Amino acid sequence: MDVNAVCYNHPDRQANKGCWRCQQFICIDCSTILFGQTYCGKCASEVAKISANPDKPNLLKREINSRPLMVVIIIITLIIAAVEIYVMTR
Ligand SMILES: [Zn+2]
Ligand SMILES: [Zn+2]
């Protein structure tokens with residue numbers, strides 16, 4: 001790293017770290033460590049947002065997608081049963 005690099009938030013301070021995501025030079029006050037990597041404030045909030053959100057919808061999606069055939073079979077069975085009951089009671 002360039003020893004003369006300055007923090008992009010503090011032009012008067014020497015940067016001793018670089019953002020892992022955007023490679024901006026940042027001072028220790030501006031660095032946020034997330035998942036063992038150093039990020040600038042902006043990237044840290046974005047990384048935190050990305051890592052907080054996507055897992056849950058993905059998990060839900062995966063659970064729903066793992067048994068679509070079962071759901072379709074159950075719905076078809078219910079429709080057939082309903083039609084049979086309707087026909088029988090006429
Ligand atoms: Zn960054
Ligand atoms: Zn700084």
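Here are legends for a handful of close-ups of this predicted model.

**View 1. The zinc ion (ligand 2) sits among three cysteines and a histidine.**
Cys-7, Cys-27 and Cys-30 each offer SG, while His-10 comes in through ND1. These donors lie 1.9 to 2.3 Å from the zinc ion (ligand 2). The four donor atoms make angles of 104 to 115° among themselves, and the site is tetrahedral. For anyone setting up restraints, the ideal angle for four tetrahedral donors is 109.5 degrees. Written along the chain, the donor pattern reads C-x2-H-x16-C-x2-C. Cys-27 and Cys-30 are both buried.

**View 2. Four cysteines hold the zinc ion (ligand 1).**
Here the donors are the SG atoms of Cys-19, Cys-22, Cys-40 and Cys-43, lying 2.2 to 2.3 Å from the metal. This site is tetrahedral too, with angles of 103 to 116° among its four donor atoms. The spacing of the donor residues in sequence is C-x2-C-x17-C-x2-C. How buried or exposed are Cys-19 and Cys-22? Cys-19 has 3% relative accessibility, so it counts as buried. Cys-22 comes out at 35%, so it counts as partly exposed.

**View 3. Cys-19 and its contacts, leaving out residues up to four places away in sequence.**
Cys-19 touches Gln-24, Ile-26, Thr-38 and Tyr-39. Its contacts also include Cys-40 and Cys-43, and those two are donors of the zinc ion (ligand 1) as well, like Cys-19 itself.

**View 4. The largest nonpolar core has 11 residues.**
Several zinc donors turn up in this core: Cys-7, Cys-27 and Cys-30 belong to the site of ligand 2, and Cys-19, Cys-40 and Cys-43 to that of ligand 1. The other members are Ile-26, Leu-34, Tyr-39, Ala-44 and Val-47. Which element gives the most to this core? That would be helix H1 (residues 41–52), with three residues. As background, nonpolar side chains in soluble globular proteins tend to be buried together.

**View 5. Ser-31 sits in the loop between strand S2 (25–26) and strand S3 (32–34).**
At 15% relative accessibility, Ser-31 falls under the 20% cut-off and therefore counts as buried. Where does its side chain reach? It goes to the backbone oxygen of Ile-28, at 2.9 Å. Setting aside neighbours within four places in sequence, Ser-31 is in contact with Lys-17, Ile-26, Thr-38 and Tyr-39.

**View 6. Asp-29 and Arg-13 meet in a salt bridge.**
The N to O distance between these side chains is 2.3 Å. The pair links distant parts of the chain, 16 residues apart: Asp-29 is in the loop between S2 and S3, and Arg-13 is in the segment before strand S1 (17–18). Asp-29 is exposed, with a relative accessible area of 57%, whereas Arg-13 is partly exposed at 33%.

**View 7. Arg-21 forms a salt bridge with Glu-46.**
A search of the whole structure finds two salt bridges, and in this one the closest N and O atoms are 3.0 Å apart. Arg-21 lies in the loop between S1 and S2 and Glu-46 in helix H1, so the pair ties together parts that are 25 residues apart in sequence. Arg-21 is partly exposed, with a relative accessible area of 39%. Glu-46 is partly exposed as well, at 26%.

Conventions: Residues numbered from 1 in each chain as written. Chains lettered and ligands numbered in written order. Predicted model: local features only at pLDDT ≥ 70, side-chain atom pairs only at ≥ 80, totals over all residues. Heavy atoms only, no water. Core = buried A, V, L, I, M, F, W, Y, C linked by side-chain atoms within 4.5 Å. Buried < 20%, exposed > 50% of the residue type's maximum accessible area, 1.4 Å probe, protein only. Helix = DSSP H or I, 4+ residues; strand = E, 2+ residues; numbered from the N terminus. Contact = heavy atoms within 4.5 Å. Donors = N, O, S within 2.8 Å, 3.2 Å for Na, K, Ca; no water. Tetrahedral: all angles 85-135°; square planar, octahedral: opposite > 155°, others 65-115°. Polar contact = N/O pair within 3.5 Å; in protein donor to acceptor, adjacent residues only side chain to side chain. Salt bridge = Lys/Arg side-chain N within 4 Å of Asp/Glu carboxyl O.
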